[in-house]
Every structure is written in C-alpha cells, then in structure tokens.
Amino acid sequence: MSRQWETIGELGLQFFGKISASISHEIKNTLAIMNENAGLLEDYCQLADKSKPVDPGRLKEVASSIRNQIRRTDGIVTNLNRFAHSTDQWMMGVDVGDFLRFMCQLTGRLAFIRGVRLKPEPLSASVKIQTNLFFLEHLFWLCLDFAISMAGEGRTIRLTADALQTGVRIILRGLEGLAGSPKTNFPGRHGKTLLRVLEGELEINEAAGELVLILPKEVSQ
Amino acid sequence: MKTRVLIVDDEEEFVNALSKRLRIRDYDVTTSLSGEEALEKMKHYLFDVVILDVAMPGMSGIETLREIKKIKPLTEVIMLTGHATVESAIEGMKLGAFDYLLKPCEADDLIAKINLAYNRKAEHEERIREAKVRQILASPRTVLEDE
C-alpha cells in the first residue's frame with residue numbers, strides 16, 4: 001500500500017509540474033504579445049514626435065490586442081488557481097461536465113502543440129460524483145495523453161459523459177489511430193494504480209475509436 | 001538594401017505587432033504562422049535572418065530549423081522561446097541557430113541580434129565570393145568548365 005502512495009505522490013508531482021510549466025509557457029506568450037504591443041505604442045509616439053501623423057485606427061488595434069491578451073491571461077491564471085485548489089480536500093463533489101470543460105482548457109495547449117484539438121460536448125444531464133479531484137485530473141490527463149497520440153495530427157477529440165446507475169462513463173471520441181495501432185502499455189503501472197485508488201475502469205473500443213473511463217458515484221473512503 | 005527578415009510564430013498577434021515594429025525600423029519583413037508555411041516561403045524568396053519560435057504546433061521550431069539549414073544553410077536563425085523550452089533553443093544552437101532570446105524580449109536586444117546575424121551572413125557570403133575569385137584566378141579554365 002505504501003508503495004502505491006509513493007508512486008502516486010512522485011508521479012503526481014511530475015503531473016503538477018508538467019501542467020504548471022505548460023501554463024507558465026502560455027503566460028509567457030501572452031506577455032510577449034502585450035510587450036510587443038506596448039513597444040509598438042512607443043514607436044507610434046516617437047513617430048508622432050517627429051511630426052509623422054499616426055492613424056487613430058492603428059492605436060485602437062493595439063489597444064484591442066492588449067485587451068484580448070489580458071482577457072486570455074486572466075482565463076489562464078483562473079485555470080491555474082482552480083488547478084492549484086484541486087488538492088484542497090481529499091474528497092469532493094465533481095460536476096463531470098464542468099470537469100471536462102476545465103480539463104480541455106487546462107491541457108488544451110499541450111494538445112494543440114501536438115496538432116490536436118479538444119472539444120467538450122454538452123451533456124444531456126448533469127452528472128456528479130464524489131472523488132479525489134487531483135487524482136482524477138491526473139488519471140484523466142493520462143487518458144488524454146494517450147488519446148492525443150491515438151487521434152493523430154489535425155484531429156479533434158470529443159469528450160462527453162453519460163450517467164450510469166453506479167456512477168459515470170466518460171467517453172473520449174475521435175481516436176482514429178486506435179485501430180491497427182501497435183500495442184502500447186497504456187494505462188501503465190502508474191495509470192493502473194490511479195484507477196485502483198479511484199475505483200475506476202478503462203475500456204478501449206478500437207473499432208469505434210473510443211476510450212471510456214468508468215468511475216463510481218462515490219469512492220469508498 | 002534592407003535586411004530581409006522572416007518571422008515564424010503561431011501567435012498571430014505577436015507576429016503582427018513584431019512585424020510592424022521591425023518595419024518601422026526599416027526591415028523588410030515577411031511573416032509565417034507555421035514551420036511548413038515558412039519553408040514554403042523560403043523556397044521562393046531570399047531571407048537574411050529568420051526569427052523562429054521554438055514551440056509551434058505541427059512542425060516544431062527545431063524541425064523547421066533543421067529544414068532551413070538544409071535548404072538555405074547561410075540564412076541565420078534566431079530562436080524565440082518561453083523559459084520552458086530553453087533546452088530546445090540550446091539544441092537549436094547546436095544545430096546551427098545563430099542565437100536565442102527568451103520571450104518576452106526587449107526590442108533593442110532582438111534588433112541587436114538581427115544585425116549581428118545579418119553581419120555574420122554577409123561576412124560568410126563575402127568569404128565564399130573571395131574563395132571563388134581565388135579559385136578562378138588560380139585556374140581560369142574553371143570558369144569555362146562552369147559554363
């Protein structure tokens with residue numbers, strides 16, 4: 001049992017680091033855009049000082065770009081804050097639809113850089129489970145990482161979920177490369193440990209190009 | 001002649017703002033939003049310096065750099081990176097990139113590097129020209145052979 005927690009703890013930290021690094025990279029990008037726009041405003045001021053008139057439309061364009069990037073950064077930082085708070089409680093209520101949207105925002109850049117888009121689909125009904133949120137985020141990232149490899153460049157992974165009497169079935173669709181792909185060790189020792197802790201199951205449907213994660217309504221304490 | 005700069009980055013607003021700043025400073029600027037698009041432009045146009053983002057979807061900055069060095073080995077490349085990909089930028093320098101800069105960077109630093117990169121390319125081209133002239137003077141018949 002203690003080995004199991006050591007694995008979860010060590011690899012959980014790696015997961016936390018990976019997400020934090022991706023988010024800080026995204027913030028660097030938005031800062032770089034704001035920095036260039038601020039510099040552009042200075043350039044326009046210098047042109048105006050040299051009696052070269054500057055079209056107000058250009059200034060509006062720069063202001064609009066800065067505002068866009070502030071909005072974008074605010075979204076990124078809000079996600080980071082939410083992610084950081086996912087370790088606050090051992091067990092918490094999770095709205096699955098909201099969780100899928102959040103995970104798409106949190107890991108969207110990691111998918112995008114590999115040429116894949118993540119698209120959460122609206123659920124027909126609200127589904128809630130009681131679980132350990134951080135472990136779930138970690139396990140779900142392992143599923144997404146595998147799904148991104150199986151979807152292939154230029155593809156979109158659609159995420160949805162159905163309520164079950166005993167819990168929930170989360171489905172990742174659009175994994176065209178599943179059929180005929182060489183055997184992988186997914187979910188691996190690490191993923192299996194997380195599945196055990198979260199009392200979940202994984203199903204891979206090669207023909208349909210789907211990965212299914214089944215989770216209980218409530219993890220026993 | 002103006003220094004011909006190609007900016008390659010998938011962040012469109014970054015590319016737009018930086019290209020405007022460089023044009024104000026009298027550089028001849030072309031932009032690409034992907035490595036693939038940049039290579040296509042490099043096949044048809046001449047550039048002195050490429051400013052290349054390391055982390056891009058599709059063809060990465062490192063892959064793009066490798067291809068640039070295959071098709072236009074004299075074109076100098078400056079890698080742009082967030083801190084998470086500094087190792088990739090260093091790998092890029094081992095593959096022949098001129099230098100790298102961390103985002104967000106100061107315009108003065110970038111312009112200084114562009115000018116240094118342009119000078120290195122110009123010196124390199126001059127040495128190649130001189131070598132060709134020496135070769136012709138040593139053996140004038142090579143001119144006829146070339147023709």
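This is a conversation between a trainee and a mentor about a predicted model with chains A and B.

Trainee: What makes A:N68 partly exposed?

Mentor: A:N68, which is found in helix α2 (residues 56-84) of chain A, has 15 C-beta neighbours inside 10 Å. A residue is buried with 20 or more such neighbours and exposed with 12 or fewer, so A:N68, with 15, counts as partly exposed.

Trainee: Why is A:N35 called partly exposed?

Mentor: A:N35 lies in helix α1 of chain A and has 19 other C-beta atoms within 10 Å. Because the buried class begins at 20 and the exposed class ends at 12, the value of 19 places A:N35 in the partly exposed class.

Trainee: What C-alpha separations go with the pairs A:N35 and A:I66, and A:N68 and A:F99?

Mentor: A:N35 and A:I66 are 31 residues apart along the chain, and their C-alpha atoms are separated by 9.0 Å. A:N68 and A:F99 are 31 residues apart along the chain as well, with 25 Å between their C-alpha atoms.

Trainee: How do you know that domain 1 and domain 2 of chain A touch?

Mentor: Chain A is divided into domain 1 (2-85) and domain 2 (90-216), and the centres of these domains, taken over C-alpha atoms, are separated by 27 Å. Contact is judged by C-beta atoms within 7 Å, and twelve residues of domain 1 of chain A are in contact with 13 residues of domain 2 of chain A. On the domain 1 side, α1 and α2 of chain A each supply at least two residues, and the largest share, nine residues, comes from α1(A). By class, that side has five nonpolar, five polar and two charged residues.

Trainee: What makes up the side of chain A that touches chain B?

Mentor: In the contact between the chains, 21 residues of chain A meet 17 residues of chain B. On the chain A side, α1 (2-49) and α2 each supply at least two residues, while α1(A) gives the most, with 14 residues. Sorted by class, this side has seven nonpolar, ten polar and four charged residues.

Trainee: What makes β2 and β6 of chain A edge strands?

Mentor: The open sheet of chain A has five strands in the order β2-β4-β5-β7-β6, with mixed pairing. Strands β2 (117-120) and β6 (201-205) of chain A each pair on one side only, and they are the edge strands. From one strand to the next, the twist averages 20°.

Trainee: How do you know that β5 and β7 of chain A are paired?

Mentor: Two strands pair if there are at least two bridges between them, and β5 (residues 167-173) and β7 (residues 210-216) of chain A are joined in the antiparallel sense over seven bridges, so the cut-off of two is met. Within this pairing, A:G167 stands opposite A:P216 in β7(A). Helix α4 (residues 133-151) of chain A lies across β4 (156-163), β5 and β7 of chain A, and runs at about 165° to β7(A).

Trainee: Why are β2 and β5 of chain B said to stand at the edges?

Mentor: The open sheet of chain B has five strands in the order β2-β1-β3-β4-β5, and its pairing is parallel. Strands β2 and β5 (99-102) of chain B each have a single partner strand, so one side of each is left without a neighbour in the sheet. On average, neighbouring strands of this sheet are turned by 20° against each other, direction ignored.

Trainee: How do you know that β1 and β2 of chain B pair, and what connects them?

Mentor: Strands β1 (residues 4-8) and β2 (residues 28-32) of chain B run parallel and are joined by five bridges, so they satisfy the requirement of at least two. The bridge partner of B:V8 in β2(B) is B:S32, and that of B:V5 is B:V29. From β1(B) the chain crosses through helix α1 (residues 12-24) of chain B to β2(B), in a right-handed β-α-β crossover.

Trainee: Which strands do the helices α1 and α3 of chain B lie against?

Mentor: Helix α1(B) lies across β1 and β2 of chain B and runs at about 170° to β2(B). Helix α3 (residues 61-71) of chain B packs on the sheet, where it touches β1, β3 (49-53) and β4 (76-81) of chain B, and its direction makes about 155° with that of β3(B).

Note on methods. Residues are numbered from 1 along each chain as its sequence is written. Chains are lettered from A and ligands numbered from 1 in the order in which they are written. This is a predicted model: local features need pLDDT of at least 70, side-chain atom pairs count only at pLDDT 80 or more; totals for chains, interfaces and linings use all residues. Helices (H or I, at least four residues) and strands (E, at least two) are DSSP runs, numbered from the N terminus. Axes are lines fitted to C-alpha atoms, for helices over the stretch in contact, and angles run from 0 to 180 degrees between N-to-C directions. Two residues are in contact if their C-beta atoms, placed from the backbone, lie within 7 Å. A crossover is right-handed if, with the strands pointing away from the viewer, the path from the first strand over the helix to the second runs clockwise. Ala, Val, Leu, Ile, Met, Phe, Trp, Tyr, Cys and Pro count as nonpolar, Asp, Glu, Lys and Arg as charged, and the others, Gly among them, as polar. Domain bounds come from an automatic or database domain assignment.
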